[in-house]
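Have a look at the fold below. We'll start with some aromatic rings and then move on to the sheet.

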Amino acid sequence: MAEKKTNEILEEQRRARQEFLDLKKMQQGEMEAPPKPSEVAIVPKTPKEKWDNFWFQYKWYVIAITAITVVVAVMVAQCATRTAYDYEVVLFSYTSVLDEQAENIADYIEKYAEDMNGDGEVNVQILNCSFTDSDTNSQYRYTMMTKLQVTIAGDQNAMLYITDEDAYEYLDQISDGESFLEGEPYKLGSDFYEATADDEWGELPEGLTISCRRVSGTTFDKSDEAKENYDAAQDILEKIKAEDTGTDGTAEQ
């Protein structure tokens, strides 16, 4: 036992002398210094160590890629499920109309419309720009008017306009020279009001008319898409005039 202890002491002394000699050689440049501890690669061995090492180095890349993937997936899903509208119809009146009532208008117009985009369905979107003229909420009025102006300026699919008398006069004055809306407004009759009446919210405001916007002489004049939409809108308007009846059973003009 004593002999084993003595051997361990001698081995420790030998190791210490060797380390001292190696250190002297490194100081004198006779031996290359070992790498710094920070430069020594620590190779993970267990699955947990490998995962921790990967997460430490690449976690921000993983988070960024995951976030981008989720956003792209949501956008693709929205595009896949988004309704492709064949027509857009502007509802502009100085009496507020609820979106639920506006949906009934879309259903009414779809009866006279055709599939324009070839998806086998007919879908009409109502761009509701209505508001109550006496409403003290000036911000809401401003929002609706801005929506109307943007549609007039750049929406080539919005050719039909449903308006009350005051709204029609407003649109009639926005263009220099020719009127913004073509011809005389067609007064919607009892068929329209019966078809769009809502069980909860009642009938739409009285005196609504429908018109088609002018394309000739406007910025849309050279657009084939605008002209195609214009022709389709005119076709819908003629069908409504032919089938819509007043209370006396005659077409209202």
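Which residues do ring pairs link into a cluster? They are Phe-92, Tyr-94, Phe-131 and Tyr-170. Before going further: this is a predicted model, where local features need pLDDT of at least 70 and side-chain atom pairs count only at pLDDT 80 or more, while totals for chains, interfaces and linings use all residues. Residues are numbered from 1 along each chain as its sequence is written, and side-chain values use heavy atoms, with hydrogens and water left out.

A search of the whole structure turns up seven aromatic pairs (Phe, Tyr or Trp rings, six-membered for Trp, with centres within 6.5 Å; planes under 30 degrees apart are stacked, over 60 edge-to-face, the rest tilted). Two of them are in the table.

| Pair | Centre to centre | Angle between planes | Class |
|---|---|---|---|
| Phe-92 and Tyr-170 | 5.8 Å | 75° | edge-to-face |
| Tyr-94 and Phe-131 | 5.4 Å | 80° | edge-to-face |

Phe-92 sits in strand S1 and Tyr-170 in helix H5, 78 residues apart (helices are DSSP runs of H or I, at least four residues; strands are E runs, at least two; both numbered from the N terminus). Phe-92 is buried at 0% relative accessible area, whereas Tyr-170 is partly exposed at 28% (buried is under 20%, exposed over 50%, partly exposed in between; 1.4 Å probe, protein chains only). Tyr-94 and Phe-131 are both buried.

As for the sheet, it is open, with five strands in the order S2-S1-S3-S5-S4 and mixed pairing (strands pair if DSSP finds at least two bridges between them). S2 and S4 stand at the edges with a single partner strand each, so one side of each has no neighbour in the sheet. S4 pairs with S5 in the antiparallel sense over two bridges, and Tyr-186 has Ile-210 in S5 as its bridge partner.
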